[in-house]
Amino acid sequence: MSKQKRYWLMKSEPVSYSIEHLKRDVVTPWSGIRNYQSRNFMRDEMRKGDGVLFYHSSCREVGVAGTAEVASTPYPDATQFDRKSDYYDPKATKEHPRWMLVDVRFVKQFKQVIPLTALRRENSLRNLMILRPGNRLSITPVTREEFRTILSLAS
DNA sequence: GCCAACGTTGGC
DNA sequence: GCCAACGTTGGC
(Lines give C-alpha, C1' and ligand atoms only; values in the text may rest on other atoms or scores of the structure.)
Protein backbone atom coordinates (compact mmCIF):
# COMPACT_ATOMS: atom_id res chain seq x y z
CA MET A 1 0.00 0.00 0.00
CA SER A 2 1.12 3.52 -0.77
CA LYS A 3 2.79 5.64 1.92
CA GLN A 4 1.53 8.73 0.18
CA LYS A 5 -0.54 10.98 2.40
CA ARG A 6 -4.23 10.65 1.75
CA TYR A 7 -7.18 12.90 2.38
CA TRP A 8 -10.63 12.23 3.77
CA LEU A 9 -13.91 13.90 4.50
CA MET A 10 -15.58 12.81 7.72
CA LYS A 11 -19.14 13.76 8.53
CA SER A 12 -20.46 14.42 11.97
CA GLU A 13 -23.68 15.88 13.28
CA PRO A 14 -22.60 18.82 15.42
CA VAL A 15 -25.43 18.11 17.86
CA SER A 16 -23.57 14.95 18.82
CA TYR A 17 -19.97 15.89 17.97
CA SER A 18 -18.82 19.15 16.41
CA ILE A 19 -15.49 20.69 15.51
CA GLU A 20 -15.75 22.60 18.81
CA HIS A 21 -15.86 19.30 20.64
CA LEU A 22 -12.77 18.13 18.80
CA LYS A 23 -11.01 21.40 19.54
CA ARG A 24 -11.71 20.85 23.22
CA ASP A 25 -10.79 17.14 23.20
CA VAL A 26 -7.86 17.57 20.78
CA VAL A 27 -7.86 13.85 20.01
CA THR A 28 -10.90 11.60 19.85
CA PRO A 29 -11.71 8.07 18.71
CA TRP A 30 -14.03 8.27 15.68
CA SER A 31 -16.52 5.90 17.25
CA GLY A 32 -19.97 4.80 16.17
CA ILE A 33 -19.34 4.12 12.50
CA ARG A 34 -21.58 1.19 11.58
CA ASN A 35 -21.16 1.08 7.86
CA TYR A 36 -18.76 -1.39 6.31
CA GLN A 37 -17.41 0.85 3.60
CA SER A 38 -16.59 3.60 6.07
CA ARG A 39 -15.10 1.09 8.48
CA ASN A 40 -12.94 -0.32 5.71
CA PHE A 41 -11.54 3.11 4.96
CA MET A 42 -10.49 3.47 8.59
CA ARG A 43 -9.28 -0.09 8.98
CA ASP A 44 -7.52 -0.59 5.66
CA GLU A 45 -6.62 2.72 4.11
CA MET A 46 -6.07 5.44 6.66
CA ARG A 47 -2.58 6.28 7.84
CA LYS A 48 -1.39 8.47 10.68
CA GLY A 49 -1.03 11.99 9.37
CA ASP A 50 -3.68 11.73 6.66
CA GLY A 51 -5.62 14.95 6.17
CA VAL A 52 -9.25 15.17 7.27
CA LEU A 53 -11.99 17.63 6.38
CA PHE A 54 -14.41 17.86 9.29
CA TYR A 55 -17.93 18.16 7.87
CA HIS A 56 -21.02 19.21 9.78
CA SER A 57 -24.17 17.47 8.59
CA SER A 58 -27.85 17.67 9.53
CA CYS A 59 -27.63 21.08 11.09
CA ARG A 60 -28.27 24.77 10.41
CA GLU A 61 -24.88 25.42 8.78
CA VAL A 62 -24.11 22.36 6.70
CA GLY A 63 -20.56 22.29 5.38
CA VAL A 64 -16.86 21.91 6.11
CA ALA A 65 -16.10 23.29 9.56
CA GLY A 66 -12.35 22.72 9.77
CA THR A 67 -9.54 20.25 9.42
CA ALA A 68 -8.11 17.40 11.42
CA GLU A 69 -5.69 14.55 10.93
CA VAL A 70 -5.63 10.82 11.41
CA ALA A 71 -3.83 10.29 14.71
CA SER A 72 -3.61 6.51 15.22
CA THR A 73 -3.50 3.17 13.56
CA PRO A 74 -6.83 1.31 13.52
CA TYR A 75 -8.13 -0.39 16.67
CA PRO A 76 -11.49 -1.78 17.85
CA ASP A 77 -14.31 0.67 18.56
CA ALA A 78 -14.99 0.24 22.29
CA THR A 79 -18.66 1.20 21.94
CA GLN A 80 -19.44 -2.08 20.14
CA PHE A 81 -18.82 -3.95 23.42
CA ASP A 82 -20.78 -1.54 25.62
CA ARG A 83 -24.30 -2.78 26.26
CA LYS A 84 -25.40 0.68 27.31
CA SER A 85 -24.16 2.33 24.14
CA ASP A 86 -26.35 3.13 21.15
CA TYR A 87 -23.59 1.54 19.13
CA TYR A 88 -23.55 -1.75 21.01
CA ASP A 89 -23.24 -4.69 18.63
CA PRO A 90 -24.22 -8.04 20.15
CA LYS A 91 -22.46 -9.88 17.35
CA ALA A 92 -19.08 -8.33 18.11
CA THR A 93 -16.64 -9.97 20.52
CA LYS A 94 -13.27 -8.87 21.85
CA GLU A 95 -11.76 -11.81 19.99
CA HIS A 96 -13.57 -10.88 16.80
CA PRO A 97 -14.32 -7.17 16.83
CA ARG A 98 -16.45 -6.04 13.95
CA TRP A 99 -15.94 -2.28 14.10
CA MET A 100 -12.56 -0.61 13.86
CA LEU A 101 -11.77 3.07 14.15
CA VAL A 102 -8.93 5.54 14.18
CA ASP A 103 -8.22 8.50 16.42
CA VAL A 104 -8.66 11.93 14.91
CA ARG A 105 -6.68 15.00 16.05
CA PHE A 106 -7.88 18.59 15.83
CA VAL A 107 -5.94 20.79 13.42
CA LYS A 108 -7.99 23.86 12.64
CA GLN A 109 -11.44 25.36 12.93
CA PHE A 110 -12.38 27.63 10.05
CA LYS A 111 -13.60 31.09 11.03
CA GLN A 112 -16.72 30.30 9.05
CA VAL A 113 -18.12 26.99 7.92
CA ILE A 114 -17.62 26.52 4.18
CA PRO A 115 -21.22 25.93 3.16
CA LEU A 116 -22.31 23.04 1.05
CA THR A 117 -23.63 25.53 -1.48
CA ALA A 118 -20.09 26.95 -1.90
CA LEU A 119 -18.74 23.46 -2.55
CA ARG A 120 -21.42 22.95 -5.20
CA ARG A 121 -20.43 26.18 -6.90
CA GLU A 122 -16.84 25.02 -7.46
CA ASN A 123 -16.52 23.33 -10.78
CA SER A 124 -13.26 21.65 -9.69
CA LEU A 125 -15.19 19.89 -6.90
CA ARG A 126 -17.74 18.33 -9.24
CA ASN A 127 -16.41 14.85 -8.51
CA LEU A 128 -16.46 15.24 -4.74
CA MET A 129 -18.25 12.18 -3.45
CA ILE A 130 -20.54 13.95 -1.00
CA LEU A 131 -21.86 16.12 -3.83
CA ARG A 132 -23.03 13.14 -5.78
CA PRO A 133 -26.74 12.42 -5.46
CA GLY A 134 -27.64 9.84 -2.89
CA ASN A 135 -24.21 9.55 -1.35
CA ARG A 136 -24.64 8.87 2.33
CA LEU A 137 -21.23 7.56 3.27
CA SER A 138 -20.00 9.26 6.42
CA ILE A 139 -16.36 8.82 5.45
CA THR A 140 -15.25 9.50 1.88
CA PRO A 141 -11.86 9.87 0.25
CA VAL A 142 -11.01 13.21 -1.32
CA THR A 143 -8.12 13.93 -3.65
CA ARG A 144 -5.23 16.18 -2.68
CA GLU A 145 -6.47 18.71 -5.22
CA GLU A 146 -9.98 18.67 -3.74
CA PHE A 147 -8.52 19.05 -0.24
CA ARG A 148 -6.46 22.06 -1.35
CA THR A 149 -9.36 23.61 -3.18
CA ILE A 150 -11.56 23.36 -0.11
CA LEU A 151 -8.83 24.86 2.10
CA SER A 152 -8.61 27.74 -0.34
CA LEU A 153 -12.33 28.43 0.16
CA ALA A 154 -11.81 28.97 3.89
CA SER A 155 -11.72 32.58 5.00
C1' DG B 1 -29.08 -15.96 -3.69
C1' DC B 2 -33.19 -13.08 -4.61
C1' DC B 3 -35.82 -9.31 -3.41
C1' DA B 4 -39.48 -6.85 -0.79
C1' DA B 5 -39.87 -4.52 3.40
C1' DC B 6 -37.92 -1.69 6.44
C1' DG B 7 -34.78 1.66 8.59
C1' DT B 8 -31.50 5.37 8.18
C1' DT B 9 -29.32 9.32 6.18
C1' DG B 10 -29.26 13.96 5.22
C1' DG B 11 -30.50 18.00 2.40
C1' DC B 12 -34.17 20.93 1.96
C1' DG C 1 -41.52 17.07 8.44
C1' DC C 2 -40.77 15.34 3.72
C1' DC C 3 -38.79 12.28 0.76
C1' DA C 4 -35.23 10.16 -2.33
C1' DA C 5 -31.51 7.14 -2.04
C1' DC C 6 -29.57 3.30 -0.46
C1' DG C 7 -27.96 -0.27 3.06
C1' DT C 8 -29.65 -4.12 5.81
C1' DT C 9 -32.64 -7.78 7.08
C1' DG C 10 -34.97 -11.93 6.68
C1' DG C 11 -38.35 -15.06 4.43
C1' DC C 12 -38.39 -18.01 0.77
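Me: How should I read the surroundings of Asp50, which is buried yet has no salt bridge, and which side chain of opposite charge is nearest?

Reply: The general idea is to ask how far away a partner of opposite charge lies, since a salt bridge is counted only when the side-chain nitrogen and the carboxyl oxygen are within 4 Å. In this structure, which is a predicted model, the nearest side chain of opposite charge to Asp50 is Arg6, and it is 5.5 Å away.

Me: What lies 3.1 Å from a polar atom of the side chain of Asp50?

Reply: It helps to look at backbone atoms as well as side chains. Here the backbone nitrogen of Arg6 lies 3.1 Å from a polar atom of the Asp50 side chain, although the side chain of Arg6 itself is 5.5 Å away.

Me: Where does Asp50 lie, and between which elements?

Reply: Asp50 is found in the loop that runs between helix H2 (36-45) and strand S3 (51-56). Setting aside neighbours within four places in sequence, Asp50 is in contact with several residues, including Lys5, Arg6, Trp8 and Glu45.

Me: Which residues are around DNA strand B, and how do they divide by class?

Reply: One can list the residues first and then sort them by class. Around DNA strand B are Lys11, Tyr55, Ser57, Ser58, Val62, Leu116, Arg120 and Arg136, and sugar and phosphate account for 74% of the atoms of that strand that come within 4 Å of the protein. By class, the residues near DNA strand B are three nonpolar, two polar and three charged.

Me: Which atoms of DNA strand B lie 2.8 Å from Tyr55, 3.1 Å from Ser58 and 2.9 Å from Arg136?

Reply: Here it is useful to separate phosphate from base. A phosphate oxygen of DNA strand B lies 2.8 Å from a polar side-chain atom of Tyr55, and a phosphate oxygen of the strand is 3.1 Å from a polar backbone atom of Ser58, whereas the polar side-chain atom of Arg136 lies 2.9 Å from a base oxygen.

Me: What surrounds DNA strand C, and which of its atoms are 3.5 Å from Pro133 and 2.7 Å from Arg136?

Reply: The reading proceeds in the same manner. DNA strand C is surrounded by Tyr36, Pro133, Gly134 and Arg136, and 64% of its atoms within 4 Å of the protein belong to sugar or phosphate, with the rest belonging to bases. A phosphate oxygen of DNA strand C is 3.5 Å from a polar backbone atom of Pro133, while a base oxygen of DNA strand C is 2.7 Å from an N or O atom in the side chain of Arg136.

Definitions and conventions:
Residues are numbered from 1 along each chain as its sequence is written. Chains are lettered from A and ligands numbered from 1 in the order in which they are written. This is a predicted model: local features need pLDDT of at least 70, side-chain atom pairs count only at pLDDT 80 or more; totals for chains, interfaces and linings use all residues. Side-chain values use heavy atoms; hydrogens and water are left out. A residue is near a molecule or strand if one of its heavy atoms lies within 4 Å of it. A polar contact is a pair of N or O atoms within 3.5 Å; within protein, one must be able to donate a hydrogen and the other to accept it, and residues adjacent in sequence count only if both atoms are side-chain atoms. Helices (H or I, at least four residues) and strands (E, at least two) are DSSP runs, numbered from the N terminus. Buried means under 20% relative accessible area, exposed over 50%, partly exposed in between (1.4 Å probe, protein chains only). Lys and Arg count as positive and Asp and Glu as negative; His and the chain ends are not counted. Contact means heavy atoms within 4.5 Å. Ala, Val, Leu, Ile, Met, Phe, Trp, Tyr, Cys and Pro count as nonpolar, Asp, Glu, Lys and Arg as charged, and the others, Gly among them, as polar.
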